[in-house]
Amino acid sequence: MSPYLELVGIQQQESFKVWSHGYPYETVRWHFHPEYELNFVTHTSGRFYVGDHTGTFEPGQLYMVGPNVPHNWISEVPDNQPVPERCRVLQFSGKSIMGGIEAFPELGQLERLLVDAQRGILFSPSTSAKAEPLMQELLHAKGFQRVHKFLTLLEILATAHDSTLLATPTFRPDPQGYQSSTINQVLSYLAEHLDEQLSEADLARYAGMEASAFSRFFRRHTDVPFIQYLNRLRINKACEMLISSDTPVTDVCYACGFSNVSNFNRQFLAQKSMPPSKFRQYYRLNDDCEAVG
């Protein structure tokens, strides 16, 4: 089965994304993305898949996966009980890190780490223990400290010993082949046309399906209805615009594809637990506090 495309969505004002998630979760599926990924397991054990490698995982382990390498971690939990936090995840683009290496030649020691990540890396317990507090701190770090901690983390990984490469030397990801699957074409189309008026019927026609069949198809592959998935993408884009610009909230609403402000406010409140204006205010207040501190 072809892996699914994950839309990572690193915001324009950030060079990497750090977050955590529980289990089950929407990205817990055989998937790929163009970004590098660090995955630190905090709870549960189970079986993982990276490229053509499979093995078992447990709490305290740290993995790194390169661009477009398919991967998945499947937890074994009794009676499918939900787990609040299964792992902490850090994702960054090759473009951003290579730009950093070009600007600062001293970062050249990272190149071997990036090459090894193309096969997937399992770091030693001692390296994972050093990285764990940084992965935790990065969830809330801002400004210069965020970049400092990120580079410190990469230095630990780049100078680590006893790491294990996972996929075989002959394994090669096939992103063009993965992208040819219908669901990945649909997800890419959504990401590229968020500012347009999209309906489930539009995407059904794009996929060459009847509307009812497409609805079942989309939910089977994403675990959520089409409109819920679309609104989540649009709210994420709205957050990026609210943080990085002074664009009025009304203009943000229409730029993200919502047809009216009341629906935009309702969807934003449901996903972020506050209205868009307060989200912008809180984010900038936090930035001001960080600067003063």
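How many disulfides does the structure hold? In this predicted model, local features need pLDDT of at least 70 and side-chain atom pairs count only at pLDDT 80 or more, whereas totals for chains, interfaces and linings use all residues. Residues are numbered from 1 along each chain as its sequence is written, and side-chain values use heavy atoms, with hydrogens and water left out.

The structure holds zero disulfides, a disulfide being a pair of cysteine sulfur atoms within 2.5 Å. For Cys-239, the closest cysteine sulfur, in Cys-256, lies 8.7 Å away, too far for a bond. Cys-253 likewise has its closest cysteine sulfur in Cys-256, at 7.9 Å, and this too is too far for a bond. Cys-239 is buried at 4% relative accessibility, and Cys-253 is buried at 0%; buried means under 20% relative accessible area, exposed over 50% and partly exposed in between (1.4 Å probe, protein chains only).

The largest nonpolar core (a set of buried Ala, Val, Leu, Ile, Met, Phe, Trp, Tyr and Cys residues joined through side-chain atoms within 4.5 Å) has 25 residues, and Leu-38, Met-64, Leu-90, Phe-92 and Leu-153 have the most contacts inside it. Two or more of its residues come from each of β2, β4, β7 (62-65), β9, α1 (94-103), α2 (110-116), α3 (125-138) and α4 (143-158); helices (H or I, at least four residues) and strands (E, at least two) are DSSP runs numbered from the N terminus. Beyond its neighbours within four places in sequence, Phe-92 is in contact with residues including Ile-10, Phe-16, Met-64, Leu-114 and Phe-150, where contact means heavy atoms within 4.5 Å. A second, separate core of 17 residues includes Tyr-4, Phe-218, Tyr-229 and Leu-230.

Empty space was searched on a 1 Å grid over the protein atoms alone: a cavity is a set of points where a 1.4 Å probe fits but cannot get out, a pocket is an open set with protein on both sides within 12 Å along at least five of seven lines, and lining residues have an atom within 4 Å of a point. Grid points are joined across faces, edges and corners, and a volume is the space filled by probe spheres set on the points. The whole structure contains one cavity of 30 Å³ or more. The largest cavity has a volume of about 100 Å³ and is lined by 14 residues, with His-21, Thr-27, His-31, Glu-37 and Asn-39 nearest its centre.

The second largest pocket has a volume of about 200 Å³. Its lining includes Phe-16, Ile-97 and Phe-150, and α1 and α4 each supply at least two lining residues.
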